[in-house]
Amino acid sequence: MSGLQQHYQTVLSSLARATEEAGRLKDSVKLVAVSKTFPSEDIREVYAAGQRDFGENYIQEWYDKTQTLADLPDIVWHIIGDVQSNKTKYVAERAHWLHTVGRLKTVQRISNQRPSEMPPLQVCIEVNISGEAAKHGVKPEEAAGLAVEVAKLPNIQVRGLMCVAKADSSDDELRRQFSIMQELLAEMNMAGVKADVLSMGMSGDMRIAVKCGATHVRIGSAIFGRRDYSK
């Protein structure tokens, strides 16, 4: 077992422990391995250890990886970064999940570009839960309304909500942010959008996110190591 695969197994153990401590069912939380900036060879190693769901932020980098890794037919690609209008076709044709819906116009383009023979793209509305100006996503009070409009589009299935908590939050503040996400998911369902996904929690706040109802956690550095953005 390689060092990378050992890190992966450690994360799986931590996730299983967090799920048990939260009193939740085994395998009720899906791990998305965030592979942005890391080479395709690293993805292959983690894939060989059993991981199938991988998250990518940068569309061109991810698109190149889909070509390099085209021999892995059951890999599941999650887009967890902002999608510019000139890159929507890539997402429409190759992604399985899009966690960062924040503009109706963008997802309308993706809906129109999604091949009809493909399954619907699974999407989450991104919520700027921390209110930080530098972050993408809608205001909490706008999430349900956007979900209702997105749910009307063909080739798209709204699954839930996604957020990135404020990095320097205390445990109490993390619980507050993640609990609001639970309330917003309930609002979506009351508005008629059947949704069951809360994509929240990363390497540093996974345990609290799981306790607050996360169904998908996005873990990068704990598996792949620290990123070198200078490359």
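**Strand 3 and its neighbours**

Glu56 stands opposite Ile79 in strand 3. This pair belongs to a predicted model. Strand 2, residues 53-56, and strand 3 run parallel and are joined by four bridges. Between these strands the chain passes through helix 3, residues 59-68. The resulting β-α-β crossover is right-handed.

Strand 3 spans residues 76-79. Its side chains point in two directions: Val76 and His78 one way, Trp77 and Ile79 the other. All four residues are buried.

Strand 3 also pairs with strand 4, residues 97-101. These strands run parallel, and two bridges join them. Here Ile79 stands opposite Leu98 of strand 4. Ile79 thus faces Glu56 in one pairing and Leu98 in the other. Helix 4, residues 88-94, completes a β-α-β unit with strand 3 and strand 4. This unit is right-handed.

Two loop residues were then examined for backbone geometry. Most residues other than glycine have a negative phi. Asp27 has a positive phi, near 65 degrees, and is not glycine. Asp27 lies in the loop between helix 1 (3-21) and strand 1 (30-34). Asp27 counts as exposed because its relative accessibility is 67%, and the cut-off for exposed is over 50%.

Asn155, likewise a residue other than glycine, has a positive phi near 65 degrees. Asn155 is found in the loop that links helix 6 (143-150) to strand 6 (156-163). Its relative accessibility is 25%, so Asn155 counts as partly exposed.

Notes. Residues are numbered from 1 along each chain as its sequence is written. This is a predicted model: local features need pLDDT of at least 70, side-chain atom pairs count only at pLDDT 80 or more; totals for chains, interfaces and linings use all residues. Side-chain values use heavy atoms; hydrogens and water are left out. Buried means under 20% relative accessible area, exposed over 50%, partly exposed in between (1.4 Å probe, protein chains only). Two strands pair if DSSP finds at least two bridges between them. A crossover is right-handed if, with the strands pointing away from the viewer, the path from the first strand over the helix to the second runs clockwise.
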